[in-house]
Amino acid sequence: METKNVITVTEFCQHYNIPEQFILSLNEYELVELAKENNTPCIYITEIQTIEKLIRFHFELDINMEGIHAITNLLNKVERLQEDVKALNNKLMFYEQVT
């Protein structure tokens with residue numbers, strides 16, 4: 001049994017009742033990566049959760065594409081900083097246990 005790793009942009013947009021241009025714009029701003037199958041733009045299944053978040057930003061909070069791009073960059077930086085803090089805390093706890 002073969003698992004499908006992508007869904008067409010058309011199917012996705014019909015399901016979420018959004019314009020296809022929104023997804024294509026997300027790709028232009030490099031917020032999501034699209035695949036091509038038989039010359040049809042497709043969304044990787046792994047990107048769906050991210051796209052759902054971006055849909056809420058745009059359609060529920062009325063944030064434009066530039067704002068979504070800025071917010072996404074800031075959220076990614078916060079996530080990286082949180083990972084750094086966690087790693088440093090783990091090192092600190094290790095060294096406190098050794099001494």
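A residue is called buried when its relative accessible area is under 20%, and exposed when that area is over 50%. With those words in hand, this briefing looks at the predicted model in two parts, beginning with helix α1, which spans residues 9-16, and then turning to the packing of helix α2 against helix α3.

**The two sides of helix α1**

- Val9, Phe12 and Cys13 are the buried residues to look for in helix α1, and because they fall within an arc of 95 degrees when seen down the axis of α1, they line one face of the helix.
- A general point helps here: an α-helix has 3.6 residues a turn, so residues three or four places apart point the same way.
- On the face of α1 that is turned away from its buried side, one finds the exposed residues Gln14 and His15.
- The cover over the buried residues of α1 includes the strands β1 (6-8), β2 (34-37) and β3 (40-44), together with the helices α2 (20-28) and α3 (48-60).
- Just after α1 comes Asn17, whose phi is positive, at about 55 degrees.

**How α2 packs against α3**

- The helices α2 and α3 pack at an angle of about 110 degrees, and their axes are 12 Å apart, which means that α2 is roughly perpendicular to α3.
- The crossing that α2 and α3 make is right-handed.
- From α2, the residues Phe22, Ile23 and Leu26 meet Ile51, Leu54, Ile55, His58 and Phe59 of α3.
- Sorted by class, this contact of α2 with α3 has seven nonpolar residues and one polar residue, with no charged residues.

Key
Residues are numbered from 1 along each chain as its sequence is written. This is a predicted model: local features need pLDDT of at least 70, side-chain atom pairs count only at pLDDT 80 or more; totals for chains, interfaces and linings use all residues. Side-chain values use heavy atoms; hydrogens and water are left out. Buried means under 20% relative accessible area, exposed over 50%, partly exposed in between (1.4 Å probe, protein chains only). Helices (H or I, at least four residues) and strands (E, at least two) are DSSP runs, numbered from the N terminus. The arc is that of the directions from the helix axis to the C-beta atoms. Contact means heavy atoms within 4.5 Å. Axes are lines fitted to C-alpha atoms, for helices over the stretch in contact, and angles run from 0 to 180 degrees between N-to-C directions. Angles under 35 degrees count as roughly parallel, over 145 as roughly antiparallel, 65 to 115 as roughly perpendicular and the rest as oblique. A crossing is left-handed if the near helix is turned anticlockwise from the far one by less than a right angle, and right-handed if clockwise. Ala, Val, Leu, Ile, Met, Phe, Trp, Tyr, Cys and Pro count as nonpolar, Asp, Glu, Lys and Arg as charged, and the others, Gly among them, as polar.
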